[in-house]
Amino acid sequence: MPHDLILSLSIILVVVFVALVVAVSLLRFFKLRRARQQQEIEVLVKRCHRIDRLLNIVPDRYLPLTTKTVLMEYMVSSVSLIKKHREERELVGALPHYLQSLSELKAGQQATLKDRVQTSQQLELIQNALQSLPLLLRGLVGKSVLDKATAKEQAAQIRFGYFLAHHDLLVREARLDLDIDKKARALEKLRLALAEMEKVAAYTASEPVIKRLNKAIKQVESELFGKKARVD
């Protein structure tokens, strides 16, 4: 066999071999990228379900408007992305609701602003959800969805909401006790509610709440101990 022919065949074989190696490498690369993408989408789906549950559990009274708006914006963008990559009926089906809610939030409308804790079981759910929020916000900071200063400010407001929720339940129970003339028990619960709000006394929004509590406590003390109530 002529030398030139052998050389040509060798070159062809080398080229074919290199092409095969490149092809295999590319297939492996795209396969890994696809797997990584699917894994990221799966994490995103789980996070969206978690946020959805949280938003359904916590009334607007205990969740800062900015925090809820940020979370709803994240839900809209994330579900829109999920929709492109996989079938997720529950989340994708709720997308119109998320869009409407986001529009209302940006207009300053909070549908459940007047809703308050009614039971100890509800309180536990709300407080557990609020406890998980700061970590969730830090995760959004890491993804550049939220800046650190805003996340820190929101964490302070969430902490206020955490204690406000317990306050609301204690005040509700105190009123029920007053309705059945259990003044001593009501007074104890009002004092516990005051102790809860004093934990966040540095937060401006707590001032009117603490003022109302002090007034209510003095009124019950007056009725219980026969002292003249002093109203500031």
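Is Tyr203 buried, exposed or partly exposed? Select Tyr203 in your viewer and colour the chain by relative accessibility; at 26%, this residue counts as partly exposed. Keep in mind throughout the tour that the model is predicted.

**The whole chain**

Zoom out now and show the chain as a cartoon, where the secondary structure comes to eight helices and zero strands, so that, going from the N terminus, every element in the run α-α-α-α-α-α-α-α is a helix. The radius of gyration of the chain is 29 Å, well over the 17 Å that the globule rule gives for 232 residues, and the chain is therefore more spread out than a compact globule. If you turn the view along the principal axes, the C-alpha atoms fill a box of roughly 120 × 30 × 30 Å.

**Surface and contacts**

Switch next to a surface view, in which the chain exposes about 14,800 Å², with carbon and sulfur atoms supplying 57% of that area. Of the 232 residues, 34% count as buried. When contacts are drawn between residues at least 6 apart in sequence, 68% of them join residues at least 24 apart.

Then select the charged side chains, of which 38 are positive and 26 are negative, and note that the centres of the two sets lie 2 Å apart.

**The aromatic pairs**

Where should you look for aromatic rings that pair with one another? A search of the whole structure finds two aromatic pairs, and the tour can visit each in turn.

Begin with Phe160 and Tyr203, whose rings form a tilted pair, 5.0 Å centre to centre and with 35 degrees between the planes. Phe160 lies in helix H6 (residues 148–179), while Tyr203 lies in the loop between helix H7 (183–198) and helix H8 (206–225), so the pair ties together parts that are 43 residues apart in sequence. With the two rings displayed, compare their surroundings: Phe160 counts as buried at 10% relative accessibility, whereas Tyr203, the residue you selected at the start, counts as partly exposed at 26%.

Move on to Tyr162 and Phe163, which form an edge-to-face pair, 5.2 Å centre to centre and with 80 degrees between the planes. Here, too, the accessibility of each partner can be checked by colour: Tyr162 is partly exposed, with a relative accessible area of 21%, and Phe163 is buried, with a relative accessible area of 10%. Since buried means under 20% relative accessible area, the value of 21% places Tyr162 in the partly exposed class.

Key: Residues numbered from 1 in each chain as written. Predicted model: local features only at pLDDT ≥ 70, side-chain atom pairs only at ≥ 80, totals over all residues. Heavy atoms only, no water. Helix = DSSP H or I, 4+ residues; strand = E, 2+ residues; numbered from the N terminus. Rg over C-alpha atoms; globule rule 2.2 N^0.38 Å. Buried < 20%, exposed > 50% of the residue type's maximum accessible area, 1.4 Å probe, protein only. Contact = heavy atoms within 4.5 Å. Areas by Shrake-Rupley, 256 points an atom, 1.4 Å probe, with all protein chains shown as cover. Lys, Arg positive; Asp, Glu negative; His and termini not counted. Charge placed at Lys NZ, Arg CZ, Asp CG, Glu CD. Phe/Tyr/Trp six-rings, centres within 6.5 Å; stacked < 30°, edge-to-face > 60°.
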